[in-house]
Amino acid sequence: MTVTLESAREAFRDQLLDAGLLVRTQVDGLYGRSGVFEDVVDGIDRVVVAAGADQGARRLRFPPVLPRTVFERTDYLASFPNLTGSVHTFVGNDKDHARLLSLHETGADWTAELVPSEVVLIPAACHQVYPTLTGTLPEGGEILDVYSYCFRHEPAADPARMQAFRMHEYVRVGTPDDALAHREMWIARGLDVLGTLGLPATPEVANDPFFGRAGRLLAHNQRDAALKIELVVHLYGEDEPGTAVVSANCHQDHFGTPFEIRTADGETAHSACVGFGMERIALALFRHHGLDVDAWPADVRSAMGL
Ligand code: ZN
């Protein structure tokens, strides 16, 4: 990454903080949102929901924590151990509690006194749905609409790399053809959504930062099979790398196998999802149309219901 890009990102973050759109915390990548920022996210969501209105998707909402047993059935720990968020808690007795407090009071490390709870923070909204589909799908498979805060531990000054952010997804679970068709259709619809918002975007084959030596092979396979396509918007000029604001993924049987999901024909189900990165789209809007929402193009405001 160039020094120019890094400083451009920091300057944009400072503008967002100074305008009060984001609220600083003591941790990089963790922000409060203003009312205006939330209005923008809701406006984006209206455009997304309109694009998916004909899907007949089953709407499901989950809290942003996932049973640890579900997390263990995905390969997230193999692919992105460094992004994991595990929830720990205290289960000791009075004596243990006294030790915990004394460590805390003396400024020593008290966290080693905690133990893992039965939940982890959710890294992607769609991970909640697969365990609910174990068994045989109805004829025609399933389309689900999920929307959740997600967590990925990657502290950064770049405002587009938040640790906690929202993802609105349409998830297809069915035959290989169903999954592929969903992915292809949503690349086009994702571009339409961004076009409606006045954001020029291009589809690119994704290059996920899989962890470690084994990760290089995973990254290679992902690129070769073009399993994940990202819709990229440039926030800092055409010469700098763009920001992925929507991703359209074909998982093949990546979830169907571990979660034992079968199609009505008895085959292992394939899945695909499109995820709209709500904060990233909001940031792209502020970057392209300015920090004053009232001055945004009238057609964009009208499509968003603002
Ligand atoms: Zn997903």
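At roughly what angle do the axes of helix H2 and H8 cross? Keep that in mind as you open this predicted model, and let's walk through it one selection at a time.

**Stop 1: H2 and H8**

Select residues 35-51 for helix H2, then add residues 278-289 for helix H8. The axes of H2 and H8 cross at roughly 110 degrees and come within 9 Å. An angle of 65 to 115 degrees counts as roughly perpendicular, so H2 is roughly perpendicular to H8. Now show side chains. On H2, the contact is made by Phe37, Val40, Val41, Ile44 and Asp45. Facing them in the contact, H8 brings Met278, Glu279, Ile281, Ala282, Leu283, Leu285 and Phe286. Color these by class, and you will find ten nonpolar residues, two charged and no polar ones.

**Stop 2: H1 joins in**

Keep H8 on screen and select residues 3-18, which form helix H1. The H1 and H8 axes come within 12 Å, crossing at roughly 90 degrees, and the two helices are therefore roughly perpendicular to each other. Look for Phe12, Gln15 and Leu16 on H1, which make the contact with Leu283, Phe286 and Arg287 on H8. Four residues of this contact are nonpolar, one is polar and one is charged.

**Stop 3: the nonpolar core**

In soluble globular proteins, nonpolar side chains tend to be buried together. Here, the largest nonpolar core has 74 residues. Highlight Ile44, Ile281, Leu285 and Phe286, the residues with the most contacts inside that core. You have already met these four in the contact of H2 with H8.

Zoom in on leucine 285. Which residues does it touch, leaving out those up to four places away in sequence? The answer is Val40, Ile44, Leu197, Leu199, Gly290, Trp296, Val300 and Met304.

**Stop 4: strand S9 and its partners**

Next, select residues 164-174, strand S9. Is this strand mostly covered or mostly exposed? Mostly covered: eleven of its eleven residues are buried. Side chains leave S9 in two directions: Ala164, Arg166, His168, Tyr170, Arg172 and Gly174 point one way, while Phe165, Met167, Glu169, Val171 and Val173 point the other.

Add residues 142-151 to see strand S8, which runs antiparallel to S9 and is joined to it by ten bridges. One pair to pick out is phenylalanine 151 with its bridge partner in S9, alanine 164. Then add residues 270-277, strand S14, which pairs with S9 over eight bridges, again in the antiparallel sense. There, tyrosine 170 has valine 274 as its bridge partner in S14.

Definitions and conventions. Residues are numbered from 1 along each chain as its sequence is written. This is a predicted model: local features need pLDDT of at least 70, side-chain atom pairs count only at pLDDT 80 or more; totals for chains, interfaces and linings use all residues. Side-chain values use heavy atoms; hydrogens and water are left out. Buried means under 20% relative accessible area, exposed over 50%, partly exposed in between (1.4 Å probe, protein chains only). Two strands pair if DSSP finds at least two bridges between them. Axes are lines fitted to C-alpha atoms, for helices over the stretch in contact, and angles run from 0 to 180 degrees between N-to-C directions. Angles under 35 degrees count as roughly parallel, over 145 as roughly antiparallel, 65 to 115 as roughly perpendicular and the rest as oblique. Contact means heavy atoms within 4.5 Å. Ala, Val, Leu, Ile, Met, Phe, Trp, Tyr, Cys and Pro count as nonpolar, Asp, Glu, Lys and Arg as charged, and the others, Gly among them, as polar. A nonpolar core is a set of buried Ala, Val, Leu, Ile, Met, Phe, Trp, Tyr and Cys residues joined through side-chain atoms within 4.5 Å.
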